[in-house]
Amino acid sequence: MMRKVLFTDLDETLLNRDKSISKENREAIVKMVEQGHDFVLVTGRPVATARTVVKELGLAMPRCYMVAFNGAVVYDCVADRVLAERTLPIEIAKEVITEARKAGIYVQTYQQDMILTEKHSKELDAYLSNAKMRYRLTENLYTGLEEEPYKLILIELENQERLRQFQEQHPELMERGNCFFSRSEYLEYCPKDTDKGSGLRYISKFLNIPMENTVAVGDERNDIPMIQAANIGVAVKNGHEDLKKAADYITEHDNEHGAVAEVIEKFILG
């Protein structure tokens, strides 16, 4: 048997809109793992919330791994341990925070298993509605950092053009770190050379699986490095148009109707 590995995004790809996993997706994952293939969740979420999802979905099983923080952390779901991690240098974090504050754009980061931000706002509430996490408020986000963060997120709910302008006006931040949109409202800053594609390459090497045996599926722009790194890159039917343009295959089904199961049957088991 040719051992393969599937990398899949979480929200709007594997999960339905209500954050549940369909019966067909779950059964397909179990089937591929039982046949000796490996399964990897790849998400922009922090380890804390992604770990909870793994347990709730019953995916804490052998041959299951996770890439969190858009590639900054690689995690073994069964052993419950971090395999690799990268952080954003503190001086770059300070610059992002300072410039976002000047622009009047909400910014947050993470420490341990909590969100760290300066104020309770509609942006924080919107984020919490998707990611159930604890948070801590601090008068100064930079001085409140106890260690180098995995990433920072700038959030703009009403006028996303402000985020695009911020990105364009600060090319020095893009050169020293990795900057991308994970959704229209989220502009993220991660460690340099760190994205979902770097997470895919690390896991493949760790598992000693050749790149030609890798398959990746996602729905958003931050999934592009991942599907480009994989031998077969897949966009779900409900995915962003930019991702579809970069994909080798677009699913016939959307995330509400077993898109990941379709990918497993066609490219892993087939």
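The side chains of Lys151 and Glu188 meet in a salt bridge, with 2.8 Å from N to O, where a salt bridge is a side-chain nitrogen of Lys or Arg within 4 Å of a carboxyl oxygen of Asp or Glu. This pair links distant parts of the chain, since Lys151 sits in the loop between α6 and β9 while Glu188 belongs to strand β11, residues 186-190, and 37 residues separate the two. Lys151 and Glu188 are both buried, and I use that word for under 20% relative accessible area, with exposed for over 50% and partly exposed for what lies in between, taking a 1.4 Å probe and protein chains only. Helices (H or I, at least four residues) and strands (E, at least two) are DSSP runs, numbered from the N terminus.

Before I go on, a word on the source: this is a predicted model, in which local features need pLDDT of at least 70 and side-chain atom pairs count only at pLDDT 80 or more, whereas totals for chains, interfaces and linings use all residues. Residues are numbered from 1 along each chain as its sequence is written, and side-chain values use heavy atoms, with hydrogens and water left out.

Let me stay with charge pairs. Side chains of opposite charge can pair when their charged atoms come close. By the rule I gave, the count of salt bridges comes to 21. One of them joins Glu146 to Arg136, with 3.8 Å between the closest N and O atoms. That pair, too, links distant parts of the chain, with Glu146 in the loop between α6 (141-144) and β9 (152-155) and Arg136 in strand β8 (residues 134-137), ten residues apart. Glu146 counts as exposed because its relative accessibility is 59%, and Arg136, with a relative accessible area of 28%, is partly exposed.

Arg164 and Glu161 also form a salt bridge, their closest N and O atoms being 2.1 Å apart. Both residues lie in helix α7, residues 161-169, and they are three residues apart, about one turn of the helix. Arg164 is partly exposed at 33% relative accessibility, and Glu161 is likewise partly exposed, at 31%. Elsewhere, salt bridges that share partners join Arg3, Asp38 and Arg63 into one network.

Arg63 brings me to Gly36, because Arg63, together with Met1 and Arg3, is in contact with Gly36 once neighbours within four places in sequence are left aside, contact meaning heavy atoms within 4.5 Å. Gly36 lies in the loop between α2 (23-34) and β2 (38-42), and it is buried, with a relative accessible area of 17%. Gly36 and Ile21 are 15 residues apart in sequence, and their C-alpha atoms are 22 Å apart in space.

What is Asn255 in contact with, leaving aside its neighbours within four places in sequence? The list for Asn255 is Glu12, Thr13, Leu15, Asn16, Arg17 and Asn238. Asn255 itself is in the loop between β14 (249-250) and α12 (259-268), and its relative accessible area of 0% makes it buried.

Glu12, one of those contacts, deserves a look at its backbone. Most residues other than glycine have a negative phi, and most peptide bonds are trans. Phi of Glu12, however, is near 65°, a positive value in a residue other than glycine. Glu12 is placed in helix α1, residues 10-14, and is partly exposed at 27% relative accessible area. Asp193 has a positive phi as well, near 60°; it is found in the loop between β11 and α9 (196-207), and it counts as exposed, with a relative accessibility of 59%.

Helix α9 also holds Ser204, which is buried, with a relative accessible area of 2%. Again leaving aside neighbours within four places in sequence, Ser204 is in contact with Phe7, Ile209, Met211 and Thr214. Ser204 and Gly71 are 133 residues apart along the chain, and their C-alpha atoms are separated by 13 Å.

I will finish on the surface, where Glu85, Glu91, Glu147 and Glu148 gather in a patch of negative charge. Patches are made of residues with over 30% relative accessible area and no salt bridge, like charges being joined within 9 Å and nonpolar side chains (Val, Leu, Ile, Met, Phe, Trp, Tyr) within 5 Å. Within that patch, Glu91 lies in helix α4, residues 90-103, and is partly exposed, at 41% relative accessible area.

Notes:
Areas by Shrake-Rupley, 256 points an atom, 1.4 Å probe, with all protein chains shown as cover. Lys, Arg positive; Asp, Glu negative; His and termini not counted. Charge placed at Lys NZ, Arg CZ, Asp CG, Glu CD.
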